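Open the structure in your viewer and keep the selection tool at hand. This tour goes stop by stop, saying what to select and what is there.

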Amino acid sequence: MNWAHFFSVVKRVFAVTFLFLLPFREAMSHDQSAVKTLVIVSHPYPERSVLTKGLQEAAERVEGVTVRNLETVYGFDTRNIDGEEERRIMREYPRVVFIFPTHWFNITPMIKAWLNDTWGSVGPGVWQGKEMLIVSTAAGGSSTYGEAGRIGVTLADVFLPMKASVLHAGMTYLTPLVFQNASSSKLPDYQRQLIERLKR
């Protein structure tokens with residue numbers, strides 16, 4: 001038996017099989033967003049970020065999703081947001097998702113600046129028909145949030161100013177996806193939940 005010829009044939013068979021199955025494998029392995037989605041990510045201390053970075057990576061794996069990390073694009077200068085460019089980008093997407101850690105019972109400074117410069121100069125109903133989803137993590141749990149918690153409101157309630165902004169702009173405010181008692185050991189579950197929400 002000519003072993004060189006035999007191994008050459010085997011290699012060809014594997015190559016053809018791989019090329020044939022590759023599109024099928026890719027189709028099976030990728031998640032697809034039901035709605036073309038813009039994801040805005042922010043973390044005031046990226047070098048410490050585990051959960052936000054992990055959620056961003058999950059969002060980037062979903063087809064139909066475009067991710068913009070504000071600190072990557074603009075650094076940490078809240079005066080550096082290009083509102084005109086951000087509005088141009090946002091017009092292309094029927095849904096926007098914000099991913100960030102709850103920062104002193106609030107959104108991050110860069111997201112606040114983004115909202116000021118991107119939405120602040122537009123009138124009521126300008127984003128009519130679009131959807132908005134908040135995805136956030138918080139170290140505190142039931143001892144902090146909820147009626148029996150220290151602050152007496154839920155984590156989702158912390159974002160009422162965001163809800164007001166969304167309703168003013170004519171958008172649909174989707175139920176926030178929030179993770180309390182957030183832990184890096186639970187990141188795979190958080191990523192799974194985010195992907196499932198993006199697929200709706």
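The stops below cover aromatic rings, charges over rings, and pockets. Keep in mind that this is a predicted model.

**Stop 1: a ring pair**

Select Phe98 and Trp119. How far apart are the ring centres, and at what angle do the planes lie? The centres are 6.4 Å apart and the planes stand at 75 degrees. Planes over 60 degrees apart count as edge-to-face, so this pair is edge-to-face. The model has 7 aromatic pairs by this rule.

Now colour by secondary structure. Phe98 sits in strand β3, residues 95-101. Trp119 is in the loop between α5 (109-118) and β4 (131-137). The two residues are 21 apart in the chain, and their pair links distant parts of it.

**Stop 2: buried or exposed?**

Stay on these two residues and turn on the surface. Is Phe98 buried or exposed? Its relative accessibility is 0%, so Phe98 counts as buried. Trp119 has 8% relative accessibility. Buried means under 20%, so Trp119 counts as buried too.

Add Trp114 to the selection. Ring pairs join Trp114, Phe98 and Trp119 into a cluster.

**Stop 3: charges over rings**

Select Lys36 and Tyr93. The charged end of Lys36 sits over the Tyr93 ring, 4.9 Å from the ring centre.

Next, select Arg48 and Tyr45. Here the charged end of Arg48 sits over the ring of Tyr45. The distance to the ring centre is 4.3 Å.

**Stop 4: the largest pocket**

Select Pro101, Thr102, Thr137, Ala138 and Ala139. Of the 20 residues that line the largest pocket, these lie nearest its centre. The pocket's volume is about 400 Å³. What classes of residue form the lining of the largest pocket? There are 11 nonpolar, 8 polar and 1 charged.

**Stop 5: the second largest pocket**

Return to Trp119, and add Leu115, Asn116, Pro161 and Ser165. These five lie nearest the centre of the second largest pocket, which has 15 lining residues. Its space comes to about 220 Å³.

Which helix gives the largest share of this lining? Select α6, residues 160-168. α6 supplies 4 residues, the largest share. Both α5 and α6 supply at least two. By class, the lining of the second largest pocket has 9 nonpolar, 5 polar and 1 charged residues.

Trp119 has now appeared twice: in the ring cluster and by the centre of the second largest pocket.

Methods:
Residues are numbered from 1 along each chain as its sequence is written. This is a predicted model: local features need pLDDT of at least 70, side-chain atom pairs count only at pLDDT 80 or more; totals for chains, interfaces and linings use all residues. Side-chain values use heavy atoms; hydrogens and water are left out. Rings of Phe, Tyr and Trp (its six-membered ring) pair if their centres lie within 6.5 Å; planes under 30 degrees apart count as stacked, over 60 as edge-to-face and the rest as tilted. Buried means under 20% relative accessible area, exposed over 50%, partly exposed in between (1.4 Å probe, protein chains only). A charge sits over a ring if NZ of Lys or CZ of Arg is within 6 Å of the ring centre and within 35 degrees of the ring normal. On a 1 Å grid over the protein atoms alone, a cavity is a set of points where a 1.4 Å probe fits but cannot get out, and a pocket is an open set with protein on both sides within 12 Å along at least five of seven lines; lining residues have an atom within 4 Å of a point. Grid points are joined across faces, edges and corners, and a volume is the space filled by probe spheres set on the points. Ala, Val, Leu, Ile, Met, Phe, Trp, Tyr, Cys and Pro count as nonpolar, Asp, Glu, Lys and Arg as charged, and the others, Gly among them, as polar.
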